[in-house]
Structure formats: structure tokens, C-alpha cells
Amino acid sequence: MSQSASTGRLTPYRAGWIHFTNVAPILDSLVLPPGVTAITGVPTQMNAALLSGQVDIANISAVEFIRNADVLEALPDFSVAVLGPVYSVNLFHTRPLEELRRVALTAQSAMSVALLEVLLRERGLSPTLERAEGEAEALLAQGFDGVLRIGDSALREWYGVVGPLTPETTMTGLPHAARGITVTDLAEEWFRLTGHPFTFAVWAYRKDNPPPPELVQAMREARRDGIGHLADVAERHARKLGLPERVVQHYLWNFRYHLEAPDRLGLHEFAAKAVPGHAPLTFGPRPGEERTRSSAAD
Ligand SMILES: C=C(O[C@@H]1C=C(C(=O)O)C=C[C@H]1O)C(=O)O
């Protein structure tokens, strides 16, 4: 709810959520304040919805925030980031990276495509990149030698290739290759390259239309609740995904949801590599500073 000081009228505010499992600890227990409505979709849909003005705030692919840094600002303390493997942004491949010829990309994702381009460029590789939807294994059987997949289906497919967990193994102990398919985790590759976290998503809005403080407060409360009850969140989503609870719990606790200094470092480093010459990235006031500052460049 946004309240005009002069008229006291409520202004509607629209949110667009990428509701993949990785944001469940923030979104599942979110109670929207009066006047705020939400739609959901995959990353590229929410990126477009924010940029076209269909929604006022969205958790979007960080690369779209960077590309549109002249008009967008991000919440200062919300991210979907990881240090090391993410498990759900995967390149499935049947030949070594150096020998890839044809790679299938998903139209759902902006961030992982930009990350893959950076990682390939760093290695001096230039396979043909094509959009193609469907299961990784099916596409590999159709003549692609690499398939990039993200989100819940990528997590399920990753586990399908390298699982299952036994009582003795942990997710970090699982192999990277099985049945002739190697799974390269792009966030892990980024960590090898830079030593920094990778920030996949930020919560962005147009600079002239920041979210009502009640919404941001409700998001912070929902995140505290979600992280405080991570085992319950994992149990619920494990059932939906058809994955073991242990896998989903590990998947979720591994995320960094607070856009802390290391996550910003990773974001800036990625911005410099992927979008040279981008406008300065700006973030809203940090918690407790809402009344003393309107925005801060970082
Ligand atoms: C890690 C993930 O992050 C998501 C991936 C995005 C993308 O690829 O554009 C966008 C937002 C993120 O929440 C994932 O869904 O697997």
C-alpha cells in the first residue's frame, strides 16, 4: 500500500515474482499489504513485465538490472546468490567444454545465458548457441552436445543424472558426471574463476516508483520466517518437486538472500565483464535508513 500524504488515497502497487523453489524461503509466507497484488512467472517473463511497466517490482535476472541500471534501482538487502555451486543453473554436456559445438539455451533465463557467455569467452570458446526447450537428456539425444537449464527442472534433472544420495553421501559428495553426461554448475565455475559469490537475482523497481515500505517490511518478515523454518519449507517443496527432503534442504540453505558485501562484489564483477559501460548500480536505502536517505549509488 502506498499512501499519498496529500490525499491519503491508496495507490495500487504490483509485484511480479519468479516463484522458483529458490525463493520459497522469502515468498512462501509473504503476506502482501493491502493495495499490493502479485503475479508470477519465469525470469524472462518477470524481466519483461518490470521493464514494460506491467509490474512495479520484481525479482529479476541480475543482468537485466545491470543492463537497465539507468532506470532501475534494487532493494539493498535482497538477493538470490550463492558462493560456489547453485545446483539449479546447469550445463549438461556430453563432450568436454572445449569441444562443445552446439549448445541449447532456455528462453526462460537471461542470467544464466549471460553467465554462460562470460564463462565461454573467458576460456576462448565459441560454440553455436541456440534456443531450444525441453529436457536436457532429450535434447542431448537430438544432437546438441550441451544444454543449459535453470530452476526447478534443472535441479530435478541434475539430481536425476548424478543422484541418488545414499545414507553416506551428501550433495557435495555427488559426482559431476554419470551415464556419459557431465553437469557443469555455472555458479561453481564462476567461483573458480573469481572466488566471489554469484548473484542471480535482485529485487528491482523503477527509480521513480519505489515499493511502499510496508511491502519491504513484509518481505523481510517473510524471509526471517522462511529461513527460521527452512526444514518445513524444504519438506513442502521436496514433495512438490519429487526430490528427497535432504536434497531440497541443502539446496535452500546454500542460498544467500541478503545481498551482502560479497554478493555485491560478485554482482559488480559480473557487471564489468558482461555489460561493460553500464550505468552505476543503485540500491534503495538500507533497513533503518529509509527516512534519512532516498537512494545510494554503490
Ligand atoms: C539460481 C536460479 O536463479 C534464477 C535464475 C534467473 C535467470 O537465469 O535469469 C533469474 C532469477 C533467479 O532467481 C535458478 O532459478 O536456478
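The following paragraphs describe a predicted model, moving from its strands to its core, its ligand site and two local regions.

Strand β5, residues 57-61, is a suitable starting point. Five of its five residues are buried, and the strand is mostly covered. On one hand, β5 pairs with strand β3, residues 13-18, in the parallel sense over two bridges. Within this pairing, Ala15 has Ile57 of β5 as its bridge partner. On the other hand, β5 pairs with strand β13, residues 198-206, in the antiparallel sense over five bridges. Here Ser61 stands opposite Ala201 of β13.

Strand β13 also pairs with β6, and this antiparallel pairing comprises seven bridges. One position in it can be located by Ala81, which stands opposite Thr199 in β13. Strand β6 covers residues 72-82, and because eleven of its eleven residues are buried, the strand is largely enclosed by the rest of the structure. As a general point, strands of a sheet pair through backbone hydrogen bonds, in either the parallel or the antiparallel sense.

A separate description applies to an open sheet of six strands, ordered β9-β8-β10-β7-β12-β11 with mixed pairing. Its edges are formed by β9 (128-131) and β11 (177-178); each has a single partner strand, so one side of each is left without a neighbour in the sheet. Within the order, β7 (residues 89-93) and β12 (residues 181-185) pair in the antiparallel sense over four bridges. In that pairing His93 stands opposite Thr182 of β12.

The discussion now turns to the packing of side chains. In soluble globular proteins, nonpolar side chains tend to be buried together. In this model the largest nonpolar core contains 101 residues, and those touching the most other members are Phe65, Trp158, Phe200, Trp203 and Phe270. Helix α4, residues 111-122, supplies the largest share of this core, namely eight residues. The surroundings of Phe270 may be examined in detail. Not counting residues up to four places away in sequence, Phe270 touches Val63, Ile66, Met111, Ala114, Leu115, Val118, Trp190, Phe198 and Val275.

Helix α10, residues 245-253, has its own set of buried residues: Val247, Val248, His250, Tyr251 and Leu252. The buried residues of α10 pack against three helices, α1 (24-27), α6 (151-162) and α9 (230-241).

The ligand is surrounded by 16 residues, of which the closest are Phe20, Ser61, Ser88, Ser109 and Met111. Two of these serines have side-chain atoms placed close to ligand oxygen. For Ser61, an N or O atom of the side chain is 2.7 Å from an oxygen atom of the ligand. For Ser88, a polar side-chain atom lies 2.7 Å from an oxygen atom of the ligand. The backbone takes part as well, since a backbone N or O atom of Gly151 lies 3.0 Å from an oxygen atom of the ligand. Taken alone, the ligand exposes 390 Å², and the protein buries 100% of that area. Two residues thus link this site to regions described above: Ser61 stands opposite Ala201 in β13, and Met111 is touched by Phe270.

A final local region centres on Thr194, which lies in helix α7, residues 186-194. The relative accessible area of Thr194 is 17%, and the residue therefore counts as buried, the cut-off being under 20%. A polar atom of the Thr194 side chain lies 3.0 Å from the backbone nitrogen of His196. Leaving aside neighbours within four places in sequence, Thr194 is in contact with Glu269 and Lys273.

Notes: Residues numbered from 1 in each chain as written. Predicted model: local features only at pLDDT ≥ 70, side-chain atom pairs only at ≥ 80, totals over all residues. Heavy atoms only, no water. Buried < 20%, exposed > 50% of the residue type's maximum accessible area, 1.4 Å probe, protein only. Pairing = 2+ DSSP bridges. Contact = heavy atoms within 4.5 Å. Core = buried A, V, L, I, M, F, W, Y, C linked by side-chain atoms within 4.5 Å. Near = heavy atom within 4 Å. Polar contact = N/O pair within 3.5 Å; in protein donor to acceptor, adjacent residues only side chain to side chain. Areas by Shrake-Rupley, 256 points an atom, 1.4 Å probe, with all protein chains shown as cover.
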